[in-house]
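Colleague: Please take a close look at one part of this model for me. I would like one part described step by step, in plain terms.

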Amino acid sequence: MKHVYSSIERKHVTIVESPTGTGKTLSLLCSSLSWLTDEKERARKGQSSQQAAESTEPAWVFAQSAQIRQRQLEAQDREYEEKLAKARKAEARLRAMANARVTKRQRLATKTIPAEENEDMYLPDDEVEETKDNISPVVRELMTKLNRAASNHDRTDAQEPTCTKVYYASRTHSQLTQVIPELQKLKIKNISYSEIPSHGRGNDAHSDPLLSGHGKKRSVEVDEDSFTGPDRRQWRTVSLGSRKQLCINKEVISEPGDLDEKCRELQDGNKERRCPHLPPADDQVRLLDFRDQILASPKDIEDLADVGRHAQICPYYGSRRAIPQAELVTLPYNLLLQKSAREALGIDLSNQVVIIDEAHNLIPTLLSLSSVRVTSYTLSTSLKQVTTYYEKFRTRLAAQHSLHIKRLIGYMEAIQKVMEDWRLTRSKTGSTADVKTEVFTISSFMDKLGRKAVGINLLEIEAYLKRSKIARKISGYAEIVSSEDGRASKKQVNRATPPLHAVEALMIGLVGAREDGRIIISITNEELEIKYQLLNPSTSFREVVENARSVILAGGTMSPISDVIAQLFPGLPSERLTTFSCGHIVPRSHVQTLCVTKGPAGSLLEFKYAQQTDQNLLSELGQLILNLCKVVPGGMVVFFPSYSSLNCAQKAWNTTKHMDKFGAKKTVFFEPQASSGVESTLRGYADAVKGLGLPADMSGKKPGAILFAVVGGKLSEGLNFSDDLARAVVVVGLPFANKNSPELQERMRYATEVEKKHGNKRPPGGKDAASELYENMCMSAVNQSIGRAIRHRLDWASLILVDRRYSSSSIRNKLPAWIQDGIAVCDGFGQTMKHLSQFYRERKQIASGCQ
């Protein structure tokens, strides 16, 4: 907590590794919210100090004025807290009323208006005015934003003040639901401003309330019991989510198709078609009251949806309205990391605190969010829709609209021609490979588009698409035409995601950081696909780092941390970057880590891709796992490098009867192929570990189970194998990615180019940047799998790494810090069994003594 508080105070970017069970979430909340409270107190003291310095009045007059001002500020705080208290009571009444009544399902008018009767609704929004000045589209867009911001400031600032806040992001909503219960445990007591010590703000450790014991500080404590005293600090909290999580319109939810598009359609409709849960623009009082209700008490995403149903007001737009006055905002990765999402929500990260939890997923998430795939079918559909639309409305379009649409058509035709020419060229080579791929730099791909397409200003087209909402209108008209031709149901009108959105995303990639991206054209089963692949995750993350006051990346396992720094913060000054890795909460005696280099027959164990079908090696592995089953109590989870390697092992063990031998010792489970089967598999595995549901003829067998899974698969992260569910975690081999992947090859090549560009020199014999990246990706996946075992302070387990390559120092140094010191390299399998038997015997004796 001291490190996080200090990092926020000094405006640092920090990487925090805090293993599961160490109270990571609670520590992040406590330190960040403590700083937030102190910052608010210091800001008010600073205002008073500044006013004193600038005042020309006598000291006694200013002192009286300062006291009056202080009382006014305190009165404002009390007034707002009373307002939130009333909102809490109103929420309770609504819940009681909702439980006592049956809510009728509201229906929306579904009558489809024929296209010829209301074609004006498909014309572009007339926001693009023809001008005769020489201002560029980029500058014009910036001027529009500034004017809009100024008008909003004049209209709403007095009613909706903003405040410094903490943005807490994680990968999924299920992970974010854990934040609110931890927040409820936190007790930070309010004190009046007269109790604040009179020291200056300062930036050193002595002025940090969590770093120094000097001066009278408010108490910070954690308690499981609820605390409802009058001086309890109430945090104004809002949870952000997508329409999918927050939509309460049953009519919209029940229909197939794209929910986002249907929601936007209902906003643009007339009174009869408008969503009944969204108050109109001239009735914002209901939405403001609902905003206060949201902020009155912390709510996770499910609570927020329930409150919206009770109040019959849209929680999606209600939560957006609560952002300016919220002190803590929880949100999934994509809403924080995508600039378009931040702009849509009105999120301004300037001088704010950003916490990214589960940050081991950050790099792949950034690369994924910035990558775009467009199939030849999507491109041709989009081109056909735009062309049909233009032919229909060309005589009714303003000159500026007509010009932009013709340019858009020309650009899509150029892309389509490049893809078809590439197909013809590849077919002439006579290649019979199932997958054919070619990678282009952005500049080389643009050259292939031709001079006419290259001369088109993509930034101008992108701005036009956003302002005019033309993609939705083109798609809406196309669906109407299709339904009239009998090719689509009228219920699906305006429901599908406009294919032009995918093309637009591709164009954004083409105008982005050209050195950091690649275009990949591939053909699979006669389907052409063009993909924009971002190679540098720091490109899209840079704006977050530059704007925010402090950025905290936290995770249970962040190792290797050097890889995170290299990929996300290549240009960040070293004095602004800090790291912190805390030890595990469990004693070292609770964790045994073994590197197994040889099997029971003395064979050297090395599981490379080429050896995954080696029958002798698989038989040796089968005997090794069978021996482990004899000594490991409870549950055992075995991770394989890939699904193909697991399938090869399973097939070989069926032949050698090892599967039957496993089943005689423990109930056997395999990671399901479909995600829908994960829950039932885990439930069956947990029951088997506890000895539940065993057949009558196996009632004498000791309870226990073995679960075979895949590193990086459905069971390798985010799951809790605590206590008997995993008394041993076995990792077979090293899960190196497929080097033949074009995307990976480009990332490795790019890493080497960047290293040469920056003039970084490696020590003699050291790996180059590409090899380091390749190895770090592998070890990051291994570390996530290892972290499934130890989940709380009383837990214990063995971590067994089966491959001789784990004995090398370069690999061991990339394991989590809490593992490295205690790892034992076993030169023979007998030594392995000796270590395991002694470990489990000691744990059994301790358990017997506690009883």
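Modeller: Two strands pair if DSSP finds at least two bridges between them. The model is predicted, and the part I will describe is a sheet.

The sheet is open and has seven strands. Read across, their order is 16-17-15-18-19-14-20, and the pairing is parallel. To follow that order in the picture, begin at one edge. Strand 16, residues 667-670, is an edge strand. Strand 20, residues 823-826, is the edge strand at the other end of the order. Each of these two strands pairs on one side only. From one strand to the next, the twist averages 20°.

Now look at the edge formed by strand 20. In the order of the sheet, strand 14 comes just before strand 20. Strand 14 covers residues 591-596, and its pairing with strand 20 is in the parallel sense, over four bridges. One place to find this pairing is T593, which stands opposite I823 in strand 20.

A helix also belongs in this picture. Helix 26, made of residues 643-656, packs on the sheet. Helix 26 touches three strands: strand 15 (634-640), strand 16 and strand 17 (704-710). In the order of the sheet, these strands appear as 16-17-15, with strand 16 being an edge strand. The direction of helix 26 makes about 135° with that of strand 17.

Definitions and conventions
Residues numbered from 1 in each chain as written. Predicted model: local features only at pLDDT ≥ 70, side-chain atom pairs only at ≥ 80, totals over all residues. Heavy atoms only, no water. Axes fitted to C-alpha atoms, helices over the stretch in contact; angles between N-to-C directions. Contact = heavy atoms within 4.5 Å.
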